Amino acid sequence: MTDRELDHIFAGEPEIQPSSAFVQTVMKAVYREAQTPPPIGFPWLCAIPGILACGFTLVSALAVFFHDSHATIAAAPGMRLDLSIVKSAVQFAGGLLGHIEVLWICIGLVVTLACIAFPLRLLRGRS
Amino acid sequence: MSSHEDEADAKRVLSGEVSCFEGIVRRWQTPLVNLAYRFCRDRGRAEELAQEALVKAYRGLPSWRQEAAFSTWLFALATNHYRSAHRAAPSWLVSLDSVPELAGGDRNTDDVLQDRGRQEEVRAAVVALPAKYRDALTLYYFHEMDVSSASRSLGIAEGTLKARLLRGRRLLRSKMARGTARLRVEEA
């Protein structure tokens, strides 16, 4: 079978006509759609402070972690990246949490309050 | 079909005159139902799919950037909908081997090609092709062999479409050749 024959078969496909009620059915569905209230969008503006705070916290934690790991490696020249580094990192993280847990709680509370207060202020400004 | 009419109706719909969408439906119902039919080979299902595509078009009308023709946007949207509906409904899927052999019976290949029933079998065989070849062949012939329109509807480059057409036709031909070989064995 050649391309020409295939072209002939497909190009000669008979056209089908939609049923007489097709337009009415579609318009009924469209009117129904028009009456449906639009979905409430995610409040990105209100979420921005929270997202920024999370990002900042994550970056700070990573910076502190890597700074300390680097200091550990520098203090022991020739030390390779092996399980002992992971172990020391875990110990460091545990120690960090133990020593500065109160500070983290405070930061957490401040961030939470800011996340609540800032969107409320924005909403008040809108109304 | 006038693109000005579509543009005017779309603007009115966007300004809140929902009834103006009827003009769009009337103008595009036949092409959309026919395109859907080529994807599913079932008239009832084709109407359902076309209806869903039109409702989707109504919902997505604000996203139509008017730098593209309304028809291009509508066909791309409908094609996407038909393809995902096809993926989501595996009952439509037909195995290439389950399609009746295309050159069977007691006639030679030329006679078979002239036979309308056999032609319908060739068309149905396209549905059983792997999705990317099926879509390429379906859109190419739907757009009256216009590579540029078909590639726009599929959202792929013209070169990619041409490659898929080539491979799709080759697959169809191999299916037909198997049928012819079987016929010769039966005659011998």
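The questions and answers below concern chain B of a predicted model.

Q: Why is Phe142(B) called buried?
A: The cut-off for a buried residue is 20 or more other C-beta atoms within 10 Å, and Phe142(B) has 22 C-beta neighbours inside 10 Å, so Phe142(B) counts as buried. Its place is in helix α7 of chain B, which covers residues 131-142.

Q: Which residues does Phe142(B) touch, once residues up to four places away in sequence are not counted?
A: Phe142(B) touches Leu35(B) and Arg38(B), where a contact requires C-beta atoms that lie within 7 Å. Pro31(B) is 111 residues apart from Phe142(B) along the chain, and the C-alpha atoms of these two residues are separated by 8.8 Å.

Q: What makes up the fold of chain B, in terms of helices and strands?
A: Chain B has 9 helices and 0 strands, and from the N terminus on its elements therefore read α-α-α-α-α-α-α-α-α, given that helices and strands are numbered from that end. Of its 188 residues, 36% count as buried, and among contacts between residues at least 6 apart in sequence, 58% join residues at least 24 apart.

Q: Which residues of helix α8 of chain B are buried, and what follows this helix?
A: In α8(B), residues 147-154, the buried residues are Ala150(B), Ser151(B), Arg152(B), Ser153(B) and Leu154(B). The helix is followed by Gly155(B), whose phi is positive, near 70°.

Q: What makes Leu32(B) stand out in the largest nonpolar core?
A: This core has 49 residues, and Leu32(B) is one of those that touch the most other members, together with Ala36(B), Ala50(B), Ala53(B), Leu54(B), Leu74(B) and Ala78(B). The largest share of the core, 10 residues, comes from α2(B). Leaving aside neighbours within four places in sequence, Leu32(B) is in contact with Ala50(B), Ala53(B), Leu54(B) and Ala78(B). As a general tendency, nonpolar side chains in soluble globular proteins tend to be buried together.

Q: How many residues of chain B are in contact with chain A, and which elements of chain B give two or more of them?
A: There are 28 residues of chain B in contact with 24 residues of chain A. On the side of chain B that touches chain A, the elements giving two or more residues are α2 (21-40), α3 (43-60), α6 (116-127) and α9 (158-187) of chain B, with the largest share, 9 residues, coming from α2(B). By class, that side has 14 nonpolar, 5 polar and 9 charged residues.

Methods. Residues numbered from 1 in each chain as written. Chains lettered and ligands numbered in written order. Predicted model: local features only at pLDDT ≥ 70, side-chain atom pairs only at ≥ 80, totals over all residues. Buried ≥ 20, exposed ≤ 12 C-beta atoms within 10 Å, placed from the backbone. Helix = DSSP H or I, 4+ residues; strand = E, 2+ residues; numbered from the N terminus. Nonpolar A, V, L, I, M, F, W, Y, C, P; charged D, E, K, R; others polar. Core = buried A, V, L, I, M, F, W, Y, C linked by C-beta atoms within 7 Å.
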